[in-house]
Amino acid sequence: MATIMTPSHVEAGAQALPQPLPQAGGERLQRRMARGAAFLGSEVAIMAGAMSWVSERNLVSAMSNAGGFGVIACGAMTPELLDAEIAATKALTTKPFGVNLITMHPALFDLIAVCAKHKVGHVVLAGGLPPKGSLEAIKESGARVICFAPTLALAKKLIRSGVDALVIEGMEAGGHIGPVSTSVLAQEMLPEIAELVPVFVAGGIGRGEAIAGYLDMGAAGVQLGTRFVCATESIAHANFKRAFIRASARDAIASVQIDPRLPVIPVRALKNAAGELFGAKQREVALLLDGGKVEMLEAQLQIEHYWAGALRRAVIDGDVEHGSVMAGQSVGMVTKEEPIAEIIAALIAEAASALEKRAA
Ligand SMILES: Cc1cc2nc3c(=O)[nH]c(=O)nc-3n(C[C@H](O)[C@H](O)[C@H](O)COP(=O)(O)O)c2cc1C
């Protein structure tokens, strides 16, 4: 791990730091992050979680250049688009970065082949359990596999299947979420699995004190998304960033399923017209079902397709009323647009100063 936390580094140009890092706290942080940073090949064990449309070449390379670990969000990209995005990211950084693939993507194995062609060091599989053969295909390319573990039982199963690291993400997070909070997941899972593989804690982290806390509990590192959306280097539309800067924690709400027949995967996003209309849409489709005017499959598809293209509409087009402004509860701690290096420096300074108060 490089000297990001030593006083000499502070003098060498980390002008973003609010004050020189406390010596003992800095060393303690470095020690606690050593395993995660070595695993990622980064200076600090902080990942910028992949965010569709946001985590592209600019944010990812800036994150890795700042000493953290950027992850490209492949989302619904075709293999050709992913190929171009990885090449463009490589042109902007020589530091390691990862690629996040969604397990349901119909071309998953072609996307894995694209990552292999570029010798991407870390592939994150999101959106469900890895399909048969996918872990093997990634590992054959020499890359490390990181998966999301929603429960302790699944974490153990994934470790047995050979994953190299896990992310545990609580319901405070932005985007698609599970039902359990980060603090409960961390307490349930870290004591059982943190020794087996590096575990990165995600969801609701906005300041370094929380990072220090999860490291103390055994995490190898952390993953943040919401905190990085308003980085200067992020290409998110000015309206999207403005909505983040204005919002408080209670504005970031999870979508609600209204009818048991029509499944909704909860997504945490800022309250807006699209969210309200989604409730109305569910009621409308449920009434059509009751009246026998649509088949069940067609009704479920109508619900599923409601949000299609909605994140792009908000992030790229700036329509923050009718698009989806995915954001976690830590959004209240996003108060301005600032370079990613300054965000990292602030998080590190807060974590180091929290650890300064510890005994060792
Ligand atoms: C706008 C937005 C888009 C996201 N898109 C994805 C995605 O495409 N794939 C994914 O695995 N996670 C996605 N996430 C989750 C992040 O990678 C990250 O795990 C999460 O933001 C961490 O919680 P936090 O928002 O509380 O920091 C998204 C989050 C946000 C805020």
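**Reading a predicted two-domain model**

Trainee: Glu233 lies in the loop between β9 (221-224) and α10 (238-246), and the coordinates belong to a predicted model. Is Glu233 buried or exposed?

Mentor: The idea is to count neighbours, and a residue is called buried if 20 or more other C-beta atoms lie within 10 Å of its own. Glu233 has 20 C-beta neighbours inside 10 Å, so Glu233 counts as buried.

Trainee: Which residues does Glu233 contact, once its neighbours within four places in sequence are left aside?

Mentor: A contact list of this kind shows what the fold brings together beyond the local chain. For Glu233 the list is Asn58, Leu59, Ala62, Pro339 and Ile340. A distance between C-alpha atoms can be read beside it: Glu233 and Glu338 are 105 residues apart along the chain, while their C-alpha atoms are separated by 8.4 Å.

Trainee: What does the same reading give for Ala269, and where is that residue found?

Mentor: Ala269 is found in strand β11, which covers residues 267-270, and it counts as buried because it has 27 C-beta neighbours inside 10 Å. Apart from neighbours within four places in sequence, Ala269 is in contact with Ala252, Gly275, Ser324, Val325, Met326 and Ala327. The C-alpha atoms of Ala269 and Leu311, which are 42 residues apart along the chain, are separated by 9.8 Å.

Trainee: How far apart in space are Leu301 and Ile253, which are 48 residues apart in sequence?

Mentor: Separation in sequence and separation in space should be read as two quantities. From C-alpha to C-alpha, Leu301 and Ile253 are 23 Å apart. Leu301 is found in helix α12, residues 296-305, and is partly exposed, with 13 other C-beta atoms within 10 Å.

Trainee: How should I read the chain as a whole, and how many helices and strands does it have?

Mentor: Start with the secondary structure and then turn to the overall dimensions. The protein chain has 14 helices and 11 strands. Its radius of gyration is 20 Å, close to the 21 Å that the globule rule gives for 360 residues, so the chain is as compact as a globular protein of that length. Along the principal axes, its C-alpha atoms fill a box of roughly 70 × 45 × 40 Å. Of the 360 residues, 48% count as buried, and among contacts between residues at least 6 apart in sequence, 65% join residues at least 24 apart.

Trainee: Into which domains is the chain divided, and how many residues of each are in contact with the other?

Mentor: The assignment gives domain 1 (7-235 + 335-359) and domain 2 (238-329). Their C-alpha centres lie 27 Å apart, and 19 residues of domain 1 are in contact with 17 residues of domain 2. On the side of domain 1 that touches domain 2 there are seven nonpolar, nine polar and three charged residues.

Trainee: Where does the largest nonpolar core lie with respect to the two domains, and which residues have the most contacts inside it?

Mentor: This core has 108 residues, and those with the most contacts inside it are Val71, Val123, Leu166, Ile168, Phe200, Val222 and Ile344. Helix α14 (residues 340-356) gives the most to the core, with 12 residues. Both domain 1 and domain 2 give residues to the core, so it lies between them. Phe200 can serve as an example: leaving aside neighbours within four places in sequence, its contacts include Gly36, Met47, Ala165, Val167 and Val222.

Trainee: Which residues come nearest to the ligand, and how many are around it?

Mentor: A ligand shell is read by its members, its chemical classes and its origin in the domains. Of the 27 residues around the ligand, Gly49, Gly174, Gly175, Gly225 and Gly328 come nearest. The shell divides into 11 nonpolar, 13 polar and three charged residues, and it draws at least three residues from each of domain 1 and domain 2.

Trainee: Finally, what is the phi of Trp53, and what is that of Lys119?

Mentor: The backbone angle is best read together with the setting of the residue. Trp53 has a positive phi of about 75 degrees although it is not a glycine, and it is found in the loop between β1 (46-48) and α3 (57-65). With 18 C-beta neighbours inside 10 Å, Trp53 counts as partly exposed. For Lys119, also a residue other than glycine, phi is positive and near 55 degrees. Lys119 is found in the loop between α5 (108-117) and β4 (122-126), and is exposed, with 11 other C-beta atoms within 10 Å.

Key. Residues numbered from 1 in each chain as written. Predicted model: local features only at pLDDT ≥ 70, side-chain atom pairs only at ≥ 80, totals over all residues. Core = buried A, V, L, I, M, F, W, Y, C linked by C-beta atoms within 7 Å. Buried ≥ 20, exposed ≤ 12 C-beta atoms within 10 Å, placed from the backbone. Helix = DSSP H or I, 4+ residues; strand = E, 2+ residues; numbered from the N terminus. Domains from an automatic or database assignment. Contact = placed C-beta atoms within 7 Å. Near = placed C-beta within 6 Å. Nonpolar A, V, L, I, M, F, W, Y, C, P; charged D, E, K, R; others polar. Rg over C-alpha atoms; globule rule 2.2 N^0.38 Å.
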